[in-house]
Structures are given as structure tokens and as C-alpha cells.
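This note is offered to a colleague who is meeting the structure for the first time. Please read the numbered points with the sequence and the model in view.

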Amino acid sequence: MVKVILSTSVIFLAIVAVRKFFRAKAGNVFLYSLWLLFAAGLVVPVFVTVLQDIGNWEAVRLESPASIMNLVKITPFPAGRPDTSVKQIEEPAAKGEKSKNQGDKSQKRNTNSQKRIRETASNVGLSGWMELPLLRYLLFFIWAAGATAILTCQILSEKTFRRQLVENRMEASFHGQKAYIAAGIKTPLLFRGKGLSSEIYLPEMVIENETLARHAILHESVHRKHGDIWWGYLRNVLVAAYWFYPLAWAAAVLSKRDCEYACDSAVMKNMDRKERISYGNSLLSFVSVGGKQDLFCTATAMKAGRSELEVRIRMIKSGRKRSIFATAIVLLLLCATGFVAFTDAMDTDKEPVQASQMPSSQPEPVQTFSAKNAEFELDDIWGADPPHIYYEDDKSMIFAGYFGLFAYSKETGEIVQSLDLKEIGCNATQGDHYCKIDVSEDGKTVYLHVVRDEKMYQYSIDTMELQYLDYKLPAKRYDREKWEKAHKSGILCKGSTIGDLVYWYDNGGNTIKYEPLFYRPYGHCDFFGPENIQGLSEVSFYVDGKEYIITEREKLKWIEKHFSNSAEKIKGVPACPFQQAMYLKRKDGSCGKIFPATDSCPIYQVEDAFYDYKEKDNEMFWKLFGIENMDIFR
């Protein structure tokens with residue numbers, strides 16, 4: 001915002017200077033068009049910021065010693081860059097220690113149901129409104145309230161004026177030109193009708209004088225040709241958005257005056273002196289001198305102060321001859337203004353390169369770090385955005401959320417490795433510090449880049465090492481859209497906590513399969529068939545951030561009786577949801593999983609087979625877990 005204010009201030013002063021000294025030679029239409037430069041200064045930086053935030057679009061930064069930004073010092077901290085004052089990343093472990101870490105990691109996978117270190121919402125690092133201090137919250141709501149109030153005022157003002165015109169108008173035709181005679185107006189005007197059409201309104205006194213009517217219609221027709229009503233809407237929106245900025249209001253007033261000057265010039269372009277004098281007399285007849293200026297009104301009403309009217313009359317009497325030399329000077333001035341307003345400040349933090357620091361033929365060594373495993377709890381929520389798959393083939397998948405980056409093996413059905421994104425400042429999913437993730441075409445390298453940072457992290461799936469290097473992505477990267485077109489690709493979904501997260505894909509034959517990713521209370525478990533559901537010691541599942549466990553002997557016996565060999569295999573695919581994996585642990589230490597229907601169907605799924613456990617419904621089954629309402633599964 002500081003850059004917007006400073007750059008548009010420079011542009012505003014330049015336009016005012018051009019209006020003052022070059023109006024006679026540069027031309028009023030040209031001067032009126034200069035206000036587009038001011039509007040661009042207000043709009044373009046916001047548009048670029050939005051692209052950077054939501055589209056990860058990188059803007060080119062052009063430094064200049066003449067930039068207005070050299071007057072201020074703004075040094076944003078680039079998220080994701082290692083802080084030299086604090087040790088953020090583990091040093092590479094010794095060879096023996098690395099083997100030990102891998103062993104500990106394997107043990108963690110097999111005891112996934114144990115509690116892990118909690119990351120509170122305030123430490124998640126999500127950029128966006130979650131990180132805004134109280135002062136910035138307050139300033140935002142003050143701005144929003146002001147902008148809303150002004151927009152509301154503009155809309156109500158236009159509706160009231162339109163209603164008055166429509167109720168007091170009469171359609172007329174002047175030499176084939178449609179117009180309306182409206183009571184209660186003192187000056188001709190152009191106003192938007194229904195939709196995108198624009199209509200000419202004339203005061204009643206114009207009817208009696210054909211010359212006045214002709215000049216009035218000619219004047220408003222030029223406004224219509226220039227699209228001045230729509231520039232009025234743009235002016236209103238910018239004033240509402242920048243209501244706190246005095247120069248935005250001043251620019252709106254001056255641009256509205258220049259709109260009338262430009263219209264007069266265009267009307268008189270092919271007139272001789274006699275006709276110009278006649279037009280000037282008409283102007284004196286229907287211009288409301290000293291009338292109340294309505295800045296928000298988009299109608300092109302002929303209201304002017306005495307000084308403005310004097311400018312217009314002098315211009316009409318003397319005529320205007322454009323000078324190519326004056327126009328060239330103005331263009332050079334505008335180029336210099338753009339160079340000052342739109343370039344960035346010089347980076348004074350850069351140290352001058354000494355002779356001893358000149359690049360040598362040897363490449364600079366790349367910083368390499370050992371990666372830290374992601375830490376989380378099953379009941380942690382996803383955050384502002386759900387996890388996303390960044391790579392997938394027939395054997396593996398790479399996905400990530402703010403809570404970490406994970407490599408998943410489809411062959412073993414397990415997460416084989418993870419990376420703590422918070423540790424490297426790459427856990428934001430929105431905002432200025434959003435972390436963009438790309439994967440190489442072969443799925444062996446992950447590129448983690450914090451928006452606006454000049455460097456990135458490169459993570460190797462094979463060696464589990466991080467490298468911190470200049471931001472430069474390879475030309476060929478993994479294209480998930482291509483994979484989705486060629487395969488029945490899966491998605492990550494279900495619930496809102498990490499423990500709920502499942503990989504959901506079409507298994508063919510109208511069968512939807514759900515593979516839990518994080519909740520594995522007994523480690524890796526294959527499917528249990530009915531014949532395996534015997535001698536149970538514990539049954540558990542996880543849903544909506546809560547773990548449900550049965551250890552009571554009578555309840556386990558009920559499950560064994562109904563889900564064992566007495567269950568009947570059914571044909572086809574039932575129209576029931578099978579979204580939640582239930583894990584069964586036997587007394588001999590073995591474990592398995594099944595998918596009971598999460599509605600009223602007394603059916604459960606085992607791999608691609610479905611079994612009916614011969615009950616009227618499954619109400620009694622869910623009551624074993626203390627669940628009275630199955631809405632938790634929706």
C-alpha cells in the first residue's frame with residue numbers, strides 16, 4: 001500500500017503539472033486520457049498481488065535509483081529462508097546416527113495410534129487472516145466499513161436519480177435522434193438506462209430552441225461515444241476502495257472536469273469559428289453555473305464552477321491547435337514519471353562485490369540439510385485448505401498439507417517417509433508466504449518454493465535430504481491433469497482432521513475404495529475375511545476427530561457372532577457407503593480391517609466382497625460403540 005500511495009502521488013503531481021502548463025497545446029482529450037495512468041497505479045498493484053497470492057504468479061522486480069520507493073525502507077522477511085541467528089534445520093547426522101533415525105522412523109509407523117506433539121492453531125503458520133495482528137484486523141474492518149458505506153451511498157444515489165428521471169420524462173425525437181424531455185432538470189445529461197444502454201435527457205426549455213437542442217444532443221452523443229458513463233463507474237469504485245486517500249478524491253474531481261473539457265474539444269473538432277461561438281452561447285444557456293457537484297453521479301450533467309466555465313469559454317473562443325512538440329515533451333515527462341513511480345527501490349543491503357568475491361570457475365557449494373519427519377496429532381484439523389496430491393503413479397503417491405509432506409506406498413499401503421514443512425517455513429497454504437509445491441516428472445524430487453523468495457528447497461525422495469538453492473524449476477515436471485485423464489485417479493477427502501484423512505479412488509465395477517492414511521492403531525493390517533473374525537481382543541475405528549474402541553468381552557462376542565462365517569456373501573455392489581475402516585485385533589496379535597456400511601445397511605465390505613450379517617439394520621452394531629446418531633459419518 002505504501003508503494004501504491006507514493007507512486008500514484010507522483011503520477012497525480014505529473015498530471016496536474018501537465019494540465020497547468022500544456023493544456024493549450026497537448027489537447028483536452030489527451031489530457032483526459034492521462035487519468036487512466038493514475039487509475040492503473042491504483043488497480044495494477046492490487047491485481048498483481050492477487051495473482052501472486054492465489055495463482056503463484058511471479059512479478060518482475062525492476063530496481064531503479066530514481067524510484068520513489070528509495071525514500072522509504074521496506075524489508076519484508078522472506079519466509080522459508082534459513083535464519084542464521086537460530087538453528088532451524090538439523091545438521092546432517094553421522095552415518096551411524098542416520099541408521100538409528102531410520103529405525104526410529106519405522107517404529108513410529110507401526111505405532112501410529114500413539115499421541116504426537118501437538119501443533120496449536122497459532123503455530124500452524126497459515127498466512128492470511130489467521131496471522132494478522134489485532135491492529136491490522138481493526139484497520140481492515142475500518143476500511144471495509146468505509147468502502148461499504150460509500151458504495152451504498154453511490155448505489156442509492158443513482159437509484160433515486162433514475163427513479164426521478166423515469167417518473168418525469170417524455171420521449172421525443174430530434175432529427176431522428178431519440179431523447180427524453182425530463183421535468184426538474186436544468187441541464188442536458190447522459191444517463192444509463194436499463195442494462196448497458198445510455199439515454200439522453202434534455203430539460204424542458206431546450207425544446208423551444210432547435211440550436212440548443214442540436215448542440216445538447218451533439219454534446220451528450222460525444223459523451224456516449226467516449227463511454228464516459230462507464231469511466232464514471234470506475235471512478236466511483238476507486239473512490240470507494242481508496243476512500244482514505246485524499247488524492248483519489250482530488251483525482252475524481254479533476255478527471256470529471258477534464259471529461260467535460262475533452263467532450264467540448266471533440267464536439268468542436270470540425271467546427272469553424274462562427275459555429276464554435278454558437279456552441280459557446282448554447283453552453284452558457286444550459287450549463288448550471290455554480291450548481292452543486294455530485295461526485296458520485298455517473299450522469300454527464302453540465303454543471304460547472306465559474307472558473308471551469310471560464311476555461312471552457314476561452315477554449316471555445318480561441319480554439320485549440322495541438323503541438324507535436326508539446327505532446328512529445330508531455331510523453332517524455334510521462335515516461336520519466338512512470339520510471340519514478342513504477343520501479344522498485346535499490347537493494348542497499350547488497351554488499352559491493354570485491355575482487356576476491358568475484359565468481360570463480362568453481363560452482364558455489366550447495367547447502368544440504370537432513371530432513372526432519374513431520375509431527376502431528378490425529379485430531380489436528382486440516383487447516384485453511386485440504387491436503388493435496390502432488391504426484392501419483394501406480395506404485396506411490398506424494399501428498400501434502402500444512403502439517404507436512406508425505407510419500408505413500410500403494411504397494412504396502414503405508415506412509416514410507418515424511419517432511420516437516422514448518423521447520424523450513426514452507427507450511428503456509430495461502431497468503432504472501434504461500435508455499436508452492438512441484439514434483440519432478442519421475443517423482444523422485446520435490447521442489448518447495450515460498451512465494452516471493454529467491455530460493456527454494458529441493459527434497460530428494462530417495463536420500464531424504466534437503467538442498468537450499470536458487471529458485472529454478474526444471475522444464476519438465478509432473479502433470480497431475482495428465483495422470484487424471486489416463487487413470488481413474490483418486491482424491492484425498494473425508495472429515496476435517498488428520499486422522500479422518502483417506503485416499504478415495506474408483507476400484508472399477510462401481511466400487512469406491514477408501515484407504516486410511518494416518519489412523520493405523522495396530523500398524524499395517526490386511527483385510528479380514530469372515531473366517532478370520534474370531535478370538536478378538538479389541539476393535540477400533542476413528543471418525544470426526546475421535547477414536548472409538550471396544551474391549552468389552554460381550555460386545556466383541558456380538559461382533560464375532562454376526563461378522564464371522566454366519567455372514568452371507570451378497571452378489572453385486574450394494575448402494576451403501578463404506579467410508580470408514582474398522583480395525584480388528586485378535587488375541588494372537590494379528591490384525592485386520594473391514595469397512596462396515598456407515599448407514600442403516602447391515603453390510604460390511606472386505607476388499608471387493610460384501611457380506612450381510614443378517615440383522616434388520618446396523619443400529620445395534622453402532623450402539624456397541626455408544627453411537628446413537630450416524631450423522632457423524634456424513
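The points below move from the whole chain to its strands, a helix and its charged pairs.

1. Basis of the note. This is a predicted model, in which local features need pLDDT of at least 70 and side-chain atom pairs count only at pLDDT 80 or more, while totals for chains, interfaces and linings use all residues. Residues are numbered from 1 along each chain as its sequence is written, and side-chain values use heavy atoms, with hydrogens and water left out.

2. The chain as a whole. The protein chain holds 14 helices and 26 strands; these are DSSP runs numbered from the N terminus, a helix being H or I over at least four residues and a strand E over at least two. Of its 634 residues, 45% are buried. Here buried means under 20% relative accessible area, exposed means over 50%, and partly exposed lies in between (1.4 Å probe, protein chains only). Among contacts with a separation of 6 or more, 64% join residues 24 or more positions apart, a contact being heavy atoms within 4.5 Å.

3. Helix α1. This helix covers residues 2-26 and spans only 32 Å between its end C-alpha atoms, whereas a straight helix of 25 residues would span 36 Å at 1.5 Å a residue. The expected span is 1.5 Å times one less than the number of residues. Where does α1 bend? The bend is at lysine 20 and amounts to about 55°, taken as the angle between axes fitted to the seven residues ending there and the seven starting there. Glycine 27 follows α1 and has a positive phi, near 100°.

4. Strand β4 and its partners. Strand β4 (residues 198-203) has 5 of its 6 residues buried, so the rest of the structure largely encloses it. Strand β2 (residues 177-182) pairs with β4 in the parallel sense over 3 bridges; two strands count as paired if DSSP finds at least two bridges between them. Within this pairing, isoleucine 181 has leucine 202 of β4 as its bridge partner. β3 and β4 run antiparallel and are joined by 4 bridges, and leucine 189 is matched with tyrosine 201 in β4. The two strands β3 and β4 form a hairpin with 5 residues between them, and glycine 195 in the turn has a positive phi of about 70°.

5. The five-stranded sheet. An open sheet of 5 strands follows the order β7-β15-β14-β13-β12 with antiparallel pairing. Its edges are β7 and β12, each with a single partner strand, so one side of each has no neighbour in the sheet. Neighbouring strands are turned by 25° against each other on average, direction ignored. Within the sheet, β14 (residues 455-460) and β15 (residues 465-470) pair over 5 bridges in the antiparallel sense, and methionine 456 has leucine 469 in β15 as its bridge partner.

6. The three-stranded sheet. Another open sheet has 3 strands in the order β16-β17-β18, again with antiparallel pairing. The edge strands, β16 (491-493) and β18 (512-516), each pair on one side only. The twist averages 35° from one strand to the next. β16 and β17 (residues 502-506) share 3 bridges, with cysteine 493 opposite valine 502 in β17.

7. Salt bridges with buried partners. Side chains of opposite charge can pair when their charged atoms come close. The whole structure contains 17 salt bridges, each defined as a side-chain nitrogen of Lys or Arg within 4 Å of a carboxyl oxygen of Asp or Glu. One of them joins glutamate 158 and arginine 192 (3.2 Å, N to O). This pair connects helix α5 (residues 134-167), which holds glutamate 158, to strand β3 (residues 189-192), which holds arginine 192, across 34 residues. Both glutamate 158 and arginine 192 are buried. Glu158, Arg162 and Arg192 are linked in a network of salt bridges. Glutamate 515 and lysine 593 also meet in a salt bridge (3.2 Å, N to O). Their positions are strand β18 for glutamate 515 and strand β24 (residues 591-596) for lysine 593, 78 residues apart. Glutamate 515 and lysine 593 are both buried.

8. A salt bridge between loops. Glutamate 423 and lysine 372 form a salt bridge whose closest N and O atoms are 3.8 Å apart. Glutamate 423 lies in the loop between β11 (414-419) and β12 (435-439), and lysine 372 in the loop between β7 (367-370) and β8 (388-392), so the pair ties together parts that are 51 residues apart in sequence. Are these residues buried or partly exposed? Glutamate 423 counts as partly exposed because its relative accessibility is 24%, and lysine 372 is likewise partly exposed at 26%.

Key
Axes fitted to C-alpha atoms, helices over the stretch in contact; angles between N-to-C directions.
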